[in-house]
Amino acid sequence: MFILELNYTAPLDAVDALLPDHVAWLEEQYDKGFFLASGRKEPRDGGVILAVAGDRARIEEIVAGDPFTVAGVCTYRVTEFIATKTAPDLARHRQTLG
């Protein structure tokens, strides 16, 4: 499982101009089963995405396709973690240590 933290590197008007494309990209990742939750940070200086994928390389590939990344209006911080405990709805994403 991965936490993807977006940090805007451009003014909000530049981010907002790309928002429809970014939202379409988000929907595509949800449809493919990669994204579990997403939303803006408060204050609005970026966002957070909870994602799943087979490995970090796949996540890096997905992030590279974000219109925000392509246009250079944000950077991503990718944190991988082992979800050993989850809410019942996320049970299929649980992992065991060792």
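In strand β1 (residues 2-8), Phe-2 stands opposite Ala-51 in strand β3. On the other side of this pairing scheme, the partner that Phe-2 bridges to in β4 is Glu-80. The model is a predicted one, in which local features need pLDDT of at least 70 and side-chain atom pairs count only at pLDDT 80 or more, while totals for chains, interfaces and linings use all residues. Numbering starts from 1 along each chain as its sequence is written, and side-chain values rest on heavy atoms, with hydrogens and water left out.

Taken as whole strands, β1 and β3 run antiparallel and are joined by six bridges. β1 is also antiparallel to strand β4 (residues 74-80), with seven bridges between them. Two strands are taken to pair if DSSP finds at least two bridges between them; strands (E, at least two residues) and helices (H or I, at least four) are DSSP runs, numbered from the N terminus. The residues of β1 divide between two faces: Phe-2, Leu-4, Leu-6 and Tyr-8 make up the covered face, and Ile-3, Glu-5 and Asn-7 the uncovered one.

β3 (residues 46-51) has a further antiparallel partner in β2 (residues 35-40), to which five bridges join it. Within this pairing, Ser-38 stands opposite Ile-49. The two strands form a hairpin, with five residues between them.

Attention now turns to the aromatic rings. Rings of Phe, Tyr and Trp (its six-membered ring) pair if their centres lie within 6.5 Å, with planes under 30 degrees apart counted as stacked, over 60 as edge-to-face and the rest as tilted. By this rule, there are three aromatic pairs. One of them is Trp-25 with Phe-35, an edge-to-face pair at 5.4 Å centre to centre and 75 degrees between the planes. This pair links distant parts of the chain, as Trp-25 lies in helix α1 (residues 12-31) and Phe-35 in strand β2, 10 residues apart. Tyr-30 and Phe-35 also pair edge-to-face, at 6.0 Å centre to centre and 90 degrees between the planes. Ring pairs thus link Trp-25, Tyr-30 and Phe-35 into a cluster.

How far these residues are covered can be read from relative accessible area (1.4 Å probe, protein chains only), where buried means under 20%, exposed over 50% and partly exposed in between. Trp-25 is buried at 6%, and Phe-35 is buried at 3%, whereas Tyr-30 is partly exposed at 27%. Gln-29, also a residue of helix α1, is buried at 4%. With neighbours within four places in sequence set aside, Gln-29 is in contact (heavy atoms within 4.5 Å) with Phe-34, Phe-35 and Ile-62.

Finally, the largest pocket holds about 170 Å³ of space. A pocket here is an open set of points on a 1 Å grid over the protein atoms alone, where a 1.4 Å probe fits, with protein on both sides within 12 Å along at least five of seven lines; lining residues have an atom within 4 Å of a point. Grid points are joined across faces, edges and corners, and the volume is the space filled by probe spheres set on the points. The lining counts 14 residues, of which Tyr-8, His-22, Leu-26, Gly-39 and Arg-40 lie nearest the centre. Elements giving two or more residues to this lining are β1, α1, β2 and β3.
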